[in-house]
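The exercises below ask you to read contacts and helix packing from a predicted model. Work through each task with the structure open before turning to its solution.

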Amino acid sequence: MIVLAPMAAISSALFTALIWGSIGLVILGLGYVVWGLLDAYRR
Amino acid sequence: MVSTNIVLALTAVTVVMFMLVGVLASRGRVRTVEDFIAARDSLGSGALSATVLASMMGAWILFSPAEAGAAFGGLPAILGYAIGSAIPLVLFVPVGRQIRSVMAQGHSLTEFAYARFGSTMYAFILVISVFYMFIFLAAEMTGITGALALVAGVPRWQTALLIGGFVLVYTAYGGLIASMFTDTVQTLVILPFLAIGFAGLVIVLGGAGELHAAALATDPTLVDPTFRPGLEFGVYVAIAILGANMLNQGLWQRVYAADGDRTLTRGFTVAAVLVVPMVLLAGLFGVAAAAFDLTSDASASIALFLVLEEVAPTWLTLVVVILAILLVMSSADTMLNAIASVATADLARLAPATSQRTLWMSGRGLTIAVAVGAIAIGAQGYSVLELFLTADLLAAAVFVPFLAGLFTRRLSGGGAIVASLAGLITGVAYFPTLRPWIEVVPGLPPASFLLAFVGAAVVSSMVTAVATALGDAGANLDTLDAQVRALDEPIPGGGRTTEGIER
């Protein structure tokens, strides 16, 4: 258990990063689509 | 359970709004059959990313990845699903550039199959592609009718009729232009709703750390990235998605819609990058459902909705309901127009004397016929999973020799067919779904989805390589474009110009 505890903490941190990183990426993607549409409109 | 009337009203408002968007956006712009099915060189990279994303991401992302997370191997299964969903879009960058190069004036994948390989391979591709797209459409209708029945008790036929009917109106009226414009607007709603809906669900579940701890306590394999069954599932689902999407006419149409090779590269790449977190997030709610012991194997496909019903406040459920409706509409309009475009382009070739107006009316008629079929199936709530897997297997066996024809002059039609059949025989020999039909055959290997999909793709690739090395068909890729019939004459009495004059 002493060895496994840090592993679980790392795994939990990675899992958290996976979830919030994915949500962040979705928002970034939305930004790209909006930027692309505005750019096309300006041209 | 959320009120049936509220969900019905929300559905009605959403579909009517997008029908108006589709009709107004395409009004006066569909003047030729070409406009109805091609919209060539018309999109910048932002709009292309949006329409590719919306077309590919149906309501299936709310069902299948969560099912994979809950029942087929937890985190590695979802990762395979997410990465597998992005691979075809990445592959469409070189493939799409080649399509635009060798058949610049083409309309459909079947036109290419006929011009490059002849009638047998054409028939093969036509059947597999249309079968896959129709099953996709029917599965979308089945998924959304089931979801709204679960969260709000909406009768299936009402959901199918509402969504199918209004999507049909703008797709039959405005064709590909309406489909792509609504896709873009839908993506602008889908992405924030997805972020809000999923972030909200994580928070009401107690946060990502709590979710991870619950999964570890219930079943540590749910969050073990090296869990072998999950990895195996990830591999075969990636091959299944790859094959099927390379034969997805909706994506071929969008290759032609890009306003240049640079736009194609950026649009498909951004869509590929975005697909990964979308599928991943949806899948993680399957893990959540399993972690909190909300699912059994039988209910794994509705894992995300079980989580919603258990913990989500009404507003969050309604956000996911709108998300699901938009996901269905954006992929249903794509499939409707894609199937109509394949048939219209083929009719133009098979019957050269057919007038532009007849072709245009055929396109619309087919759109209606396909939509009616999908609504009828969706209202019944049949399971289409087995048909979906069968369509995926067929595509997995065929896509390599088919696409090889874009890059090599040496591969003949016969070679492509032999490679496809070899892949298909291998795949069927291992395929669990078809096992009851072929059990009489002696010496069959143990049934396995992994070996069926890997076998189909690898064997067809190997035979394609041998046929390419040994044969020299001498196909002239430079003359393929000459075999395409132009569809850009104005339709007499058809579309209106922006000035409102009948053409």
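**Conventions.** This is a predicted model in which local features need pLDDT of at least 70 and side-chain atom pairs count only at pLDDT 80 or more, while totals for chains, interfaces and linings use all residues. Residues are numbered from 1 along each chain as its sequence is written, chains are lettered from A and ligands numbered from 1 in the order in which they are written, and side-chain values use heavy atoms, with hydrogens and water left out.

**Exercise 1.** Find which residues B:M57 touches, and place B:M57 in the largest nonpolar core.

*Solution.* Begin with contacts, meaning heavy atoms within 4.5 Å: with residues up to four places away in sequence not counted, B:M57 touches B:V275, B:M278, B:V279, B:L327 and B:S330. Next, take the nonpolar core, a set of buried (under 20% relative accessible area, 1.4 Å probe, protein chains only) Ala, Val, Leu, Ile, Met, Phe, Trp, Tyr and Cys residues joined through side-chain atoms within 4.5 Å. The largest such core has 188 residues, and B:M57 is listed with B:L62, B:F268 and B:F402 as having the most contacts inside it. Helix α14 (residues 314-350) of chain B supplies the largest share of this core, 20 residues; helices here are DSSP runs (H or I, at least four residues), numbered from the N terminus.

**Exercise 2.** Describe how helix α8 (residues 156-204) and helix α13 (residues 303-311) of chain B pack.

*Solution.* Two packed helices are described by the angle between their axes and the distance between the axes. With axes fitted to C-alpha atoms over the stretch in contact, and angles running from 0 to 180 degrees between N-to-C directions, the two axes come within 11 Å and cross at roughly 55 degrees. α8(B) and α13(B) are therefore oblique, the class left after under 35 degrees (roughly parallel), over 145 (roughly antiparallel) and 65 to 115 (roughly perpendicular). On the α8(B) side, B:F198, B:L201 and B:V204 meet B:L304, B:V307, B:L308 and B:V311 of α13(B). By class, this contact has seven nonpolar, no polar and no charged residues.

**Exercise 3.** Is B:L205 buried or exposed, and which residues is B:L205 in contact with?

*Solution.* B:L205 counts as buried because its relative accessibility is 9%. Leaving aside neighbours within four places in sequence, B:L205 is in contact with B:E210, B:L211, B:F285, B:A288, B:F292, B:V307 and B:V311. Finally, compare sequence with space: B:L205 and B:V237 are 32 residues apart in sequence and 28 Å apart, C-alpha to C-alpha.

Terms used. Buried < 20%, exposed > 50% of the residue type's maximum accessible area, 1.4 Å probe, protein only. Helix = DSSP H or I, 4+ residues; strand = E, 2+ residues; numbered from the N terminus. Nonpolar A, V, L, I, M, F, W, Y, C, P; charged D, E, K, R; others polar.
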